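Please describe where empty space is left inside this protein and on its surface, and what surrounds the bound ligand.

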Amino acid sequence: MSRAGAVLQAGVFIAMLAATALLCLPSSGEKKILRAADDHPAGYPTTEGLFYMARRVSELSGGRITMQVYPGAQLGSEKETLENTRMGVIDVNRVSCAPLSEFLEEMGVFSMPYVFRDGEHQWKTLDGEIGRRLAEKLSEVGMVGLAYYDSGARSFYNTRRPVAAPADLKGLKIRTQKSKVMIELVETLGGSATPMAFEEVYSALQTGVIDGAENNPPSYESTRHYEAAKFYSLDEHTRIPEIVAASAITWERLSPADREILRRAAKESEAVQKRLWKKYEADAMKKVAAAGCRINAPPKDAFRKAVEPLYKKYEAKYGELIREIQAVR
Ligand code: BDP
């Protein structure tokens, strides 16, 4: 063999070795598909947040990781998607912290009525040590917290009458999320709590199985619950954040670099979601008002007073955490 031929052969050999080494690299070299769940349709701020995250995951991984977003509860109701996230069947999940509290009890503190003074206090808490600590605790139940999303404030709506004071809730059948705190909150205020999956609420309102529910303006509008339940009373009893969480099983299979891509993309999507939220919330209020909904803003003091027994009841569980939240300035 000529000298040039030998050099060429050696070169090819080295190139082949390098290619083999690349193929054998731990997971980071492989293409990956991740499935992400949201119970809202496309266009809703949380789902759009996930779509943005998916775009960034693709960009940051050079097209190697695809995050497929399944909107509109295609992968199940929140309780089901949470179970499937823990099992590794769903890789990324955007849920409300209320149903999440059935898996990690501490998350229920965010469902305590008026625990946040306002949105600013809420975000200081979530962005600070408390928000981080609770997100990290998700590892105890098979998940990894990646970002919080905005969900504004939840208020009551019903088919019967304006709620000007807690007494007006007496006897009303109010749908709640599947969360102990939310059930007890409605009961404490005198309503009759009916826990039910989000997707079932519209027909339950129409058929009169329930008299009302409670949610933020974007959900009240996008679900068209406002068509069936025209009385919307802005008591703003809770500010329950949304969370984007990954399955711990999925997480284990990712290289440190890919984990970082997911974390970064989720965090970037948080800022986008919060911006979209503000706009959607204002638009939703305009839309439901234009549709003839009767909107009132009852004085909150009576509601604050009426939920005091709930605080007593949860003192042993959340008392310390509540005081920590209250101390956030
Ligand atoms: C909405 C949340 C959604 C909920 C739903 C509900 O974004 O994830 O779980 O409320 O009430 O605000 O079930």
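Which element gives the most to the lining of the largest pocket? The element is β4, with six residues.

The model is predicted, so local features need pLDDT of at least 70 and side-chain atom pairs count only at pLDDT 80 or more, while totals for chains, interfaces and linings use all residues. Residues are numbered from 1 along each chain as its sequence is written, and side-chain values use heavy atoms, with hydrogens and water left out.

**Open and closed spaces**

On a 1 Å grid over the protein atoms alone, a cavity is a set of points where a 1.4 Å probe fits but cannot get out, whereas a pocket is an open set with protein on both sides within 12 Å along at least five of seven lines; lining residues have an atom within 4 Å of a point. A volume is the space filled by probe spheres set on the points, which are joined across faces, edges and corners.

| Space | Volume | Lining by class |
|---|---|---|
| Largest cavity | about 130 Å³ | two nonpolar, seven polar, six charged |
| Second largest cavity | about 90 Å³ | four nonpolar, two polar, six charged |
| Largest pocket | about 290 Å³ | nine nonpolar, three polar, six charged |
| Second largest pocket | about 180 Å³ | five nonpolar, five polar, two charged |

In the largest pocket, which holds about 290 Å³ of space, the residues closest to the centre, out of 18 that line it, are R132, A135, G145, L146 and R263. Besides β4 (143–149), the elements that give two or more residues to this lining are α5 (119–127), α6 (129–137) and α12 (256–290). The second largest pocket has D39, H40 and Y202 among its lining residues.

**The ligand and its cavity**

The whole structure contains three cavities of 30 Å³ or more. Of the 15 residues lining the largest cavity, H40, S96, R154, Q177 and N215 are the closest to its centre. The ligand sits in this largest cavity, meaning that more than half of its atoms lie within 2 Å of the grid points.

Around the ligand there are 14 residues (each with a heavy atom within 4 Å of it), and H40, E78, R175, N215 and E242 come nearest. Polar contacts, pairs of N or O atoms within 3.5 Å, link oxygen atoms of the ligand to side chains of the protein: the distance is 2.3 Å for E78, 2.6 Å for E242 and 3.2 Å for D39. Taken alone the ligand exposes 320 Å², of which the protein buries 99%, with accessible areas taken from the Shrake-Rupley method with a 1.4 Å probe.

Conventions
Polar contact = N/O pair within 3.5 Å; in protein donor to acceptor, adjacent residues only side chain to side chain. Nonpolar A, V, L, I, M, F, W, Y, C, P; charged D, E, K, R; others polar. Helix = DSSP H or I, 4+ residues; strand = E, 2+ residues; numbered from the N terminus.
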